[in-house]
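Reader: Please take me through one part of this model with some care, namely the place where the ligand is held. I would like a connected account of the space itself, of what surrounds the ligand there, and of any unusual backbone geometry in the residues concerned.

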Amino acid sequence: MEARAADRRIATLARHLEASSLKDSHEIVSASPTSSNSSSPSVFNHLARAPEDPILGVTVAFNKDPSPSKLNLGVGAYRTEEGKPLVLNVVRQAEKLLVNDSSRNKEYIPIVGLADFNKLSAKLILGANSPAIQENRVTTVQCLSGTGSLRVGAEFLARHYHQRTVYITQPTWGNHPKVFALAGLSVKTYRYYDPATRGLNFQGLLEDLGSAPSGAIVLLHACAHNPTGVDPTPAQWEQIRQLIRSKGLLPFFDSAYQGFASGSLDRDAEPVRMFVADGGECLVAQSYAKNMGLYGERVGALSIVCKTADVASRVESQLKLVIRPMYSSPPIHGASIVATILKDRSMYHQWTIELKEMAERIISMRQQLFNALKSRGTPGDWSHIIKQIGMFTFTGLNSKQVAFMTKEFHIYMTSDGRISMAGLSSRTVPHLADAIHAAVTRGV
Ligand code: PGU
């Protein structure tokens with residue numbers, strides 16, 4: 001098999017480590033010829049300290065801050081008006097049913113996960129009446145949340161797809177390039193966001209995808225683009241679809257926020273359904289972290305929509321070979337919660353209500369922050385706060401301003417100026433507005 005990019009990188013890294021560890025072991029041998037003991041240096045002595053993750057590291061720094069007024073707007077995780085994590089009532093209800101069901105056991109589930117969960121997940125994203133599902137052209141595997149679904153999809157493509165280049169939006173979620181590069185794909189970017197308009201650089205997007213090599217994989221954020229909060233309009237999606245199909249590019253949707261953009265699960269799935277409706281192939285990674293609040297349960301799904309049922313079943317057989325040596329089979333609990341909710345009409349309905357409440361609270365935070373900046377007369381046009389959608393606002397604040405707000409106001413956010421609106425409440429809006437006002441007016 002042709003050496004993959006990741007293999008080459010790992011081999012180079014291994015050679016480098018080998019060279020330095022050989023040197024160290026030589027020194028150890030001459031210092032202590034008998035054997036290693038507690039006074040000899042660690043076999044990991046050569047390791048440099050790795051930096052914290054740019055997103056999850058924000059929480060690490062936040063947790064260390066003793067200030068009572070500290071505010072974490074880094075990670076995209078929903079908080080209540082009281083600033084507390086939220087477990088949805090419908091999730092509690094499903095968990096009770098599961099715990100009280102003594103017929104349940106803890107046996108391994110299949111490599112591909114729970115059958116019910118997979119079927120219902122495909123239905124959730126592709127639509128109840130999707131012809132692709134009815135024709136058995138979709139294979140769905142339960143994975144470890146959105147990240148795991150992307151990674152399994154990327155590993156599968158690196159092994160079995162002829163074109164090893166993936167195009168991701170500029171900018172994008174910080175983990176995307178790592179997930180794809182370490183799976184062995186070559187990562188390129190396409191223009192997406194225009195800082196001047198704080199909107200979509202549609203022309204740039206069309207040009208870059210238009211000049212992508214035929215067959216290239218294109219990562220698309222299904223809705224609520226992270227970090228910009230800027231999505232194409234339905235008409236723009238249609239143009240993107242035509243371009244992708246005419247060039248034979250392969251769409252790979254990342255759906256981490258279904259329901260969070262508009263408050264409607266169906267509306268947020270429209271871009272994906274538009275691509276599936278044309279009969280072409282695509283991949284979709286789904287996460288239940290945000291829309292069901294199941295962050296730490298790690299529940300997600302990868303669906304691959306194929307041309308025929310026969311191809312789909314062969315794809316699934318190969319996905320099993322990708323998954324088995326990675327983690328063997330996925331965990332039961334989170335997927336059982338999701339399946340319990342999705343298959344019960346009344347629980348499903350209750351979920352949509354709670355989801356809408358979360359989406360609406362975020363929208364009201366946008367308005368409140370916008371109003372607070374307006375009332376302070378903060379210089380600049382802040383209308384993008386109410387125009388952008390989903391969990392995040394891409395404020396336009398630079399890394400120095402962010403550092404200033406952290407130091408002076410104990411407000412934590414990613415250095416690219418992204419704030420998680422879901423972490424904000426009516427109580428904390430004035431504090432954030434004061435901080436932004438100070439950062440902008442003091443010429444930081
Ligand atoms: N895809 C996108 C676009 C995301 O924003 C995230 C999470 C994921 C996938 C993966 O989520 P899972 O938890 O694996 O389902 N992004 C959040 C959460 C923190 C993180 O970086 O993982 C964020 O704050 O950007």
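Author: The largest pocket of this predicted model encloses about 590 Å³ of space. Its lining is made up of 30 residues, and those closest to the centre of the pocket are Thr147, Trp173, Tyr257, Lys290 and Arg298. Sorted by class, the lining of the largest pocket comprises 14 nonpolar, 11 polar and five charged residues. Among the elements that contribute to this lining, helix 6 supplies the largest share, with four residues.

This largest pocket is also where the ligand sits. Around the ligand there are 18 residues, of which Ser145, Thr147, Asn226, Asp254 and Ser287 are the closest; Thr147 is thus named both here and among the residues closest to the centre of the pocket. The shell around the ligand divides into eight nonpolar, six polar and four charged residues. Helix 6, which spans residues 145-160, gives the most to this shell, with three residues, just as helix 6 provides the largest share of the pocket lining.

Within that setting, several polar side-chain atoms can be paired with particular atoms of the ligand. For aspartate 254, a polar side-chain atom is placed 2.6 Å from a nitrogen atom of the ligand. Tryptophan 173, already named among the residues closest to the centre of the pocket, has a polar side-chain atom 2.9 Å from an oxygen atom of the ligand. Arginine 418 likewise places a polar side-chain atom 2.9 Å from an oxygen atom of the ligand. As for the surface of the ligand, taken alone it exposes 530 Å², and 93% of that is buried by the protein.

Two of the residues closest to the ligand, Ser145 and Asn226, also deserve attention for their backbone. Serine 145 belongs to helix 6, and its phi is near 55°, which is a positive value in a residue other than glycine. Asparagine 226 is joined to proline 227 by a cis peptide bond, with omega about 15°, and proline 227 lies in the loop that runs between strand 7 and helix 9. A cis peptide bond also joins glutamine 170 and proline 171, where omega is about 0°; proline 171 is found in the loop between strand 3 (165-170) and helix 7 (176-182).

The elements on either side of the loop with proline 227, strand 7 and helix 9, lead on to a separate space. When the whole structure is searched, one cavity of 30 Å³ or more is found, and the volume of the largest cavity is about 40 Å³. Strand 7 (217-221) and helix 9 (234-246) are the elements that give two or more residues to the lining of this cavity. The residues that line the largest cavity are Thr169, Tyr190, Tyr192, Leu205, Leu220, His221, Pro232, Trp237 and Ile240. By class, seven of the residues in this cavity lining are nonpolar and two are polar, with no charged residue, whereas the lining of the largest pocket includes five charged residues.

Conventions
Residues are numbered from 1 along each chain as its sequence is written. This is a predicted model: local features need pLDDT of at least 70, side-chain atom pairs count only at pLDDT 80 or more; totals for chains, interfaces and linings use all residues. Side-chain values use heavy atoms; hydrogens and water are left out. On a 1 Å grid over the protein atoms alone, a cavity is a set of points where a 1.4 Å probe fits but cannot get out, and a pocket is an open set with protein on both sides within 12 Å along at least five of seven lines; lining residues have an atom within 4 Å of a point. Grid points are joined across faces, edges and corners, and a volume is the space filled by probe spheres set on the points. Ala, Val, Leu, Ile, Met, Phe, Trp, Tyr, Cys and Pro count as nonpolar, Asp, Glu, Lys and Arg as charged, and the others, Gly among them, as polar. A residue is near a molecule or strand if one of its heavy atoms lies within 4 Å of it. A polar contact is a pair of N or O atoms within 3.5 Å; within protein, one must be able to donate a hydrogen and the other to accept it, and residues adjacent in sequence count only if both atoms are side-chain atoms. Accessible areas come from the Shrake-Rupley method with a 1.4 Å probe; for residues, only the protein chains shown count as cover. A molecule sits in a cavity or pocket if more than half of its atoms lie within 2 Å of its grid points.
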